[in-house]
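Trainee: I should like to learn how annotated spans, symmetry and salt bridges are read from a model. May we take them in turn?

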Amino acid sequence: MIFTTSIKLEDISMVYGVNGKSHTALSNVNLDIKNGEFISLIGPSGCGKSTIIDLISGIKVPTKGRIFIGDEPVIKPGPECGIVFQDYSLFPWMTAYENIFFAVEHANKNLSKEEVKKTAHTYLDLVGLCKFKDAYPGTLSGGMKQRVSIARMFAMHPKVFLMDEPFGALDSLNRIFMQDLLLHMWSEGESRNTVLFVTHDVDEALLLSDRIGIMSSTPGKIEEIIDIPFSRPRCRKSLSGTEDYIKLKQYLFSVLYCEMQEIIESQQAQKEAL
Amino acid sequence: MIFTTSIKLEDISMVYGVNGKSHTALSNVNLDIKNGEFISLIGPSGCGKSTIIDLISGIKVPTKGRIFIGDEPVIKPGPECGIVFQDYSLFPWMTAYENIFFAVEHANKNLSKEEVKKTAHTYLDLVGLCKFKDAYPGTLSGGMKQRVSIARMFAMHPKVFLMDEPFGALDSLNRIFMQDLLLHMWSEGESRNTVLFVTHDVDEALLLSDRIGIMSSTPGKIEEIIDIPFSRPRCRKSLSGTEDYIKLKQYLFSVLYCEMQEIIESQQAQKEAL
Amino acid sequence: NSDLTKDKENQTTADKLRIGYLPTNGHALIFVAQEEGYFAEENLDVELFAFQNSAEGINAIIANKIDIGGFGPSPLVYASKGAEVTVVGGLMGEGAGVIVKPENADKYKSLEDYKGKTIATVRMSSGDIFFRGVFSNAGIDIKEDLTIQEIESPAAVLEAVKSGKVDAGIVWTPYMEMAESQGLKVIAYSEEYYPKHPCCRIAVLTDNINTDRDSYVKMLKSLIRSYKFIHTNPDEAVDDVSNYVKVDKSILKEAMTNEHSYLSPDPNRQGVLTTYELLKSIGYIEDNGVDMNDHIDVTLYGQALDEILTEYPDDEYYLSMKADFNNLDK
Amino acid sequence: MKFKLNKTGILTFVILIAVFILTVAVPDAPSQSVDDNSAFLAVLILILAAFIIEIYRKPKETERITDIFLILSVVIFLWEVLIGKLILLDPFLFPGPARVFAVFQDDYELIINGLFSSLTFLVGGYLLALALAIPAGLYIGWRKRLFNVAYPISKAISPIPPTAYLPYSIVLLPTFSAASTFLIFIGAFWPILVGTIFGVFGIDKRLINTARTLGLSERVMMKDILLPAALPSIFSGAMIALIISFITLTVAEMIAATSGLGWYIIYNHQFANYDMVVAGIIVVGAVVMVITYFFDRIQAYCLRWQNI
Amino acid sequence: MKFKLNKTGILTFVILIAVFILTVAVPDAPSQSVDDNSAFLAVLILILAAFIIEIYRKPKETERITDIFLILSVVIFLWEVLIGKLILLDPFLFPGPARVFAVFQDDYELIINGLFSSLTFLVGGYLLALALAIPAGLYIGWRKRLFNVAYPISKAISPIPPTAYLPYSIVLLPTFSAASTFLIFIGAFWPILVGTIFGVFGIDKRLINTARTLGLSERVMMKDILLPAALPSIFSGAMIALIISFITLTVAEMIAATSGLGWYIIYNHQFANYDMVVAGIIVVGAVVMVITYFFDRIQAYCLRWQNI
Ligand SMILES: Nc1ncnc2c1ncn2[C@@H]1O[C@H](COP(=O)(O)OP(=O)(O)OP(=O)(O)O)[C@@H](O)[C@H]1O
Ligand SMILES: Nc1ncnc2c1ncn2[C@@H]1O[C@H](COP(=O)(O)OP(=O)(O)OP(=O)(O)O)[C@@H](O)[C@H]1O
Ligand SMILES: [Mg+2]
Ligand SMILES: [Mg+2]
């Protein structure tokens with residue numbers, strides 16, 4: 001496999017039309033993700049992060065602009081993008097194991113049945129759910145569903161990881177496990193995967209990313225893209241104490257906050273009026 | 001209304017039977033929540049936090065043990081418990097506004113139509129979604145759905161707040177807004193509401209709670225309940241720097257981590273074998 | 001019996017014949033011929049197919065799924081529409097009547113008394129056709145002076161009369177007898193107005209007459225013998241018929257032996273032509289230039305009768321049938 | 001000019017015009033000929049006109065429109081050529097288009113009257129079925145204990161053929177038209193009931209749990225939770241019921257009817273007027289399409305929250 | 001002893017025994033009497049026995065079982081008292097239970113043979129409908145363009161009454177039983193098709209999007225995503241289709257049949273043997289209940305992932 005998996009968003013706009021009214025979710029978004037790069041997106045709720053993932057994967061079609069994965073324009077979804085959806089999107093009629101098995105089987109057509117089985121088991125183990133192999137998603141807890149969804153994506157070995165708040169429903173320890181697993185998977189092969197990672201946790205973004213895109217809303221756009229200069233491998237403990245880290249974090253917040261100052265004030269006023 | 005809303009779990013066990021196999025989700029859980037108390041639950045994914053909320057609200061019936069709200073045993077669900085479900089559980093055929101309107105209308109039967117309308121609008125405003133009043137849940141982003149769900153619970157003015165990772169899908173700023181709103185709602189009336197709050201964020205738990213219950217899994221039980229001695233109102237910034245805070249946080253992690261040490265090691269081993 | 005063995009020596013394989021019927025005692029000739037073995041004696045291998053209404057039966061003939069069948073007035077209607085079917089024999093004649101509640105029986109002294117009444121009928125049944133004719137001939141406008149309610153089945157007509165939803169109903173044998181057993185009264189019979197009128201006719205595909213003439217003649221011969229059997233052994237005939245017609249045997253016997261209907265394999269050309277004219281006059285079919293004579297072939301029946309008569313020259317039954325034939329089929 | 005025609009569209013045109021020319025120029029075989037085939041020609045012109053107007057009116061849906069009209073014209077083409085001209089099938093049972101459309105010219109009054117008289121039964125019976133089956137289904141699906149009893153019973157009763165109801169409804173109901181309406185009703189009842197019950201069963205338990213925590217009265221639970229949540233399935237049952245109502249029409253109008261679409265079909269069926277039978281069926285098909293058009297609109301409106 | 005009877009259970013017992021005594025002790029009115037009412041008594045004993053066995057076997061479902069048997073015995077009680085003894089309704093149309101069950105004694109051979117001959121049509125036609133309608137529905141529901149064309153067309157064709165198909169199926173199909181099977185097939189086809197199409201429409205778009213990102217072939221998409229996701233709705237359609245198959249039986253067996261349950265019903269209906277009609281309907285009801293028992297099991301198995 002040749003990993004020419006840079007991602008390019010060219011002047012993307014996305015307008016949803018609902019009940020006759022139209023709502024601009026994204027406006028003139030440009031983004032270049034290099035081959036093997038790990039980019040995080042941070043932004044307020046509803047700023048269009050999930051929409052960007054849907055667009056890159058080909059699930060939705062932009063109102064304006066073009067998207068390329070490698071040199072190919074995105075026309076329809078395909079198995080080159082692995083996705084962890086914000087709402088997990090497991091198939092409810094398949095058990096945890098079957099969900100992974102099914103995805104692996106169809107994403108990698110040249111694997112033998114045995115290999116598929118083994119892969120599915122391995123990744124279910126990796127997220128700590130081998131005991132819940134035969135459980136249907138309806139009987140899993142929120143965090144368990146999310147881990148199955150993560151395992152499914154990794155097991156598919158896609159070129160591109162598109163992850164939408166993948167660790168949001170996990171407790172801190174499981175979150176750490178998963179972060180480590182992600183970094184491991186990312187840097188494992190001959191060449192690195194290209195990763196687009198949506199998170200609300202600034203520390204997580206700082207720990208994982210090469211660059212962080214900060215978004216703002218109404219209409220959703222990318223406000224600024226910040227390079228994260230820390231060398232890899234990064235150590236969770238030692239990193240968070242450094243001065244660079246704290247400065248960067250503060251800067252990130254300032255960009256995120258700045259345009260929200262007014263909202264804060266208006267909300268505060270309302271709450272007092274209550 | 002008389003707020004005699006202590007909550008008591010007496011020796012609760014919960015065994016799920018799926019496909020003939022049975023799975024013990026909770027084993028001998030005891031919990032006393034005092035009237036007007038704010039208790040958080042922290043624990044690893046799948047330890048039974050959501051199950052406890054389902055049991056207290058009367059949605060599920062425990063296999064063993066009894067639950068009381070005030071002096072009344074819980075028999076069936078009722079509007080005295082307001083719940084923010086982990087998966088939001090909005091009615092997809094109602095708009096954001098209608099979801100709230102409907103809940104308020106039926107939870108407080110003695111309100112006039114006008115009052116219900118006003119309440120619904122107020123709370124939709126409070127979570128910053130007045131612009132999305134007429135949007136169906138299917139068109140809202142993850143964080144927006146969560147905020148509608150929060151607004152719905154507050155708008156119902158229930159005696160008891162049962163909140164299952166209510167801020168998990170929110171960005172940091174919205175999270176802060178919502179935390180403040182929660183504290184405001186909690187301490188607003190003549191007497192405080194009784195709150196059971198599930199979170200994965202230890203800082204959040206420390207900021208908000210009177211006590212924190214630490215759970216462990218397989219089978220799920222409450223390992224330890226820790227008193228949080230900080231005086232209220234608590235200031236986010238000043239609190240996190242204090243020595244007490246850091247010590248408490250470390251202790252919390254140690255309790256959470258201790259029994260997981262082995263899991264960590266086994267997982268680490270697996271990942272290296274990959 | 002010697003005939004039988006002789007036949008068997010001459011022909012090794014029996015002619016296959018697929019006959020369609022309706023489950024009514026009007027088709028008694030077919031049932032008796034089958035049960036008494038007359039078909040077999042004629043070296044016919046007969047397979048019987050039951051239909052619930054004439055239209056489907058005729059369709060089966062047209063589709064060549066059955067060879068021959070005895071069905072109400074449908075052959076005439078289909079012939080008028082250009083279907084290549086031909087009447088070669090008959091099964092039953094007469095046998096329709098008007099039923100009312102007993103307390104109302106006295107109210108109908110003349111046909112005039114029907115004016116303004118509501119009458120239930122089963123469309124396209126012989127009774128329906130002939131009584132429409134009766135009323136028209138008596139100067140009663142069947143559209144203006146009567147309310148005719150068409151209902152799907154004779155049993156439902158009985159219910160309509162009993163429940164008082166209609167004043168009178170037109171049904172046929174054995175439903176007249178059934179109605180009487182339920183306390184209703186028959187106040188008029190069709191043969192009072194159209195003596196010897198035909199009912200079910202035997203039809204075949206015109207194209208097949210030349211190729212299969214022999215088996216058709218054999219079939220008619222069997223029916224002629226049935227005719228005699230029914231008249232000489234009525235009780236056994238009722239037994240034979242009751243295998244096909246699930247009506248209380250006493251009603252069946254009454255229906256098969258009373259004088260309000262008759263069974264005969266005679267094609268009754270005159271009757272058919274009359275019926276055809278009637279169908280036109282009551283507006284059931286249009287006059288589109290089809291000559292019904294082209295759709296009646298009495299020669300098969302004539303041949304069958306002659307062949308029987310050469311075997312049994314002095315049989316009074318067969319002779320009387322011959323007399324009828326000469327009378328009705330010129 | 002905004003009027004753009006793709007290949008399919010051109011093909012449709014060509015075929016329709018070919019049929020037109022064929023009908024005018026080539027004489028019918030005697031068994032398929034009619035005195036006056038202007039009705040058929042009028043229909044062809046109507047189709048062409050409708051095609052052009054539709055394409056003009058909805059330029060965005062060109063593909064859909066041309067597809068439908070293409071199929072329609074191919075069907076008419078084959079019908080005219082194979083059956084009308086070449087007479088590959090028994091002309092007695094299979095009337096050509098000229099003969100069938102001539103029926104409309106002759107019988108239009110009868111058909112239009114029939115349409116209205118049928119609609120009274122249909123609307124009455126169908127609405128009654130909706131009004132009873134939906135609440136019954138919601139209640140049965142909701143109340144486990146009731147379900148355990150009512151469901152097997154209704155399964156045992158449901159396969160009773162409408163013909164078996166005939167004599168009973170004649171005896172027990174006050175008028176013949178009440179009997180006819182009852183037959184439509186009973187035919188439409190089961191599909192809606194089954195659709196509703198299955199719909200309630202399919203509701204996501206989490207939504208029901210959420211609703212239960214609001215302490216709703218049973219009535220509100222039915223009306224505001226179960227009904228909308230089961231609605232997709234109810235619509236499916238209601239659509240099937242609609243189809244079945246029209247099928248039952250031929251049985252319902254066996255009772256003392258003197259007009260009606262069902263009556264028209266069985267009446268002519270009995271008299272072997274297959275051209276009229278086919279014409280009647282075309283009318284029924286057209287009526288069903290018009291009704292389902294509105295049905296689809298209502299459905300789209302009621303389910304506007306779905307799949308966005 | 002584990003055998004516990006609640007009030008309902010005792011009531012059921014009392015009623016059944018009351019009916020028994022009533023039947024033995026009080027002579028029938030002449031119009032409802034039969035030579036030999038042992039068949040009815042046997043049925044009563046059978047019901048009692050079934051009741052006791054069921055309660056023993058499934059002690060957890062006592063409520064459900066007693067409810068059903070209570071209703072059953074109340075129905076039989078009312079039937080026997082009001083119709084059999086007091087003759088409140090025309091005894092000709094409304095036979096009492098003794099007369100109806102006597103039919104089973106007389107006609108059991110005919111009924112059993114009929115059952116088997118009907119089942120061949122039913123199974124054939126129904127399975128064929130499943131085999132064609134499900135893939136067709138999945139495909140039509142999935143392919144927007146196909147849907148736009150196929151859906152209006154099928155809506156126009158679907159309301160054609162089976163009686164209208166009769167002559168054509170006789171002519172076009174090789175044998176009478178093929179024609180009968182075809183009628184069953186066509187009756188079952190539409191509900192399954194509609195159920196499947198509506199089912200595909202109701203699928204959560206997010207699941208479809210997830211599936212699309214796996215780059216599935218169309219066949220796998222149908223088989224592994226659309227089919228299971230639409231399954232609840234397909235089952236609803238298939239259940240309606242099952243009911244309709246049995247209803248169509250009376251039409252299908254109009255064609256040259258001399259046995260069969262549908263034939264038995266219309267045949268006796270024609271001769272106004274209403275006791276046999278009712279007996280035939282009871283058999284059909286019983287058969288449907290047995291079949292739907294397995295249907296429900298299959299459904300529960302296939303949808304075991306739902307609502308847990
Ligand atoms: N199918 C849709 N129809 C209409 N509007 C939509 C649809 N999907 C998303 N939107 C709107 O687009 C905007 C962006 O949504 P999106 O889900 O991308 O936000 P997000 O950044 O992922 O937010 P969150 O962090 O809360 O998940 C929101 O305002 C949302 O209401
Ligand atoms: N309906 C059910 N049937 C069977 N098992 C269930 C069901 N619901 C939950 N469980 C099991 O019970 C256990 C506890 O689940 P629960 O949802 O309470 O976890 P949780 O603490 O909320 O986890 P998370 O933080 O991941 O949401 C899990 O092992 C889960 O698989
Ligand atoms: Mg999102
Ligand atoms: Mg949970």
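Trainee: What are the helix and strand contents over residues 153-176 of chain D, and how far apart are the end C-alpha atoms?

Mentor: This is a predicted model. Residues 153-176 of chain D are 71% helix and 0% strand, with end C-alpha atoms 28 Å apart. For residues 182-204 of chain D, the helix content is 87%, the strand content is 0%, and the ends lie 35 Å apart. Both spans are among those that the unreviewed UniProt entry annotates as "transmembrane region" in chain D.

Trainee: Which residues form the nonpolar patch on the surface?

Mentor: The patch consists of Val74(D), Leu78(D), Leu82(D), Leu86(D), Leu88(D), Leu89(D) and Leu172(E), which together have about 590 Å² of accessible area. Helix α3 of chain D, residues 62-85, contributes the largest share, 3 residues. Leu89(D) sits in the loop between α3 and α4 of chain D. Leu89(D) is classed as partly exposed because its relative accessibility is 32%, and the class lies between 20% and 50%.

Trainee: What rotation superposes chain E on chain D?

Mentor: A rotation of 180° does so, with 0.0 Å of shift along its axis and an RMSD of 0.1 Å. This is therefore the relation of a two-fold axis. Within chain E, Ser233(E) comes closest to the rotation axis, its C-alpha lying at 3.3 Å. Of the interface residues of chain E, 98% are also interface residues in chain D, so the copies meet through the same surface.

Trainee: How many salt bridges does a search of the whole structure find, over all chains?

Mentor: The search finds 66. One of them pairs Arg206(E) with Asp87(A) at 2.8 Å, N to O. This pair crosses between chains, from helix α8 of chain E to the loop between β6 and α2 of chain A. Arg206(E) is partly exposed at 40% relative accessibility, as is Asp87(A) at 33%.

Trainee: Where do the partners of the salt bridge between Asp90(E) and Lys162(C) lie?

Mentor: Asp90(E) is in the loop between α3 and α4 of chain E, and Lys162(C) is in helix α7 of chain C. Their N to O distance is 2.9 Å. Lys162(C) counts as buried because its relative accessible area is 19%, and the limit is under 20%. Asp90(E), at 24%, is partly exposed.

Trainee: Which distant parts of the chain does the pair Lys221(C) and Glu307(C) link?

Mentor: The pair links helix α9 and helix α13 of chain C, the two residues being 86 residues apart. The closest N and O atoms of this salt bridge are 2.9 Å apart. Lys221(C) is buried at 9% relative accessible area, whereas Glu307(C) is partly exposed at 27%.

Terms used. Residues numbered from 1 in each chain as written. Chains lettered and ligands numbered in written order. Predicted model: local features only at pLDDT ≥ 70, side-chain atom pairs only at ≥ 80, totals over all residues. Heavy atoms only, no water. Patch = residues over 30% accessible without salt bridge, like charges linked within 9 Å, V, L, I, M, F, W, Y side chains within 5 Å. Areas by Shrake-Rupley, 256 points an atom, 1.4 Å probe, with all protein chains shown as cover. Salt bridge = Lys/Arg side-chain N within 4 Å of Asp/Glu carboxyl O. Helix = DSSP H or I, 4+ residues; strand = E, 2+ residues; numbered from the N terminus. Buried < 20%, exposed > 50% of the residue type's maximum accessible area, 1.4 Å probe, protein only. UniProt positions renumbered as here; feature names shortened; annotations may be inferred. Least-squares fit on C-alpha atoms with pLDDT ≥ 70 in both. Contact = heavy atoms within 4.5 Å.
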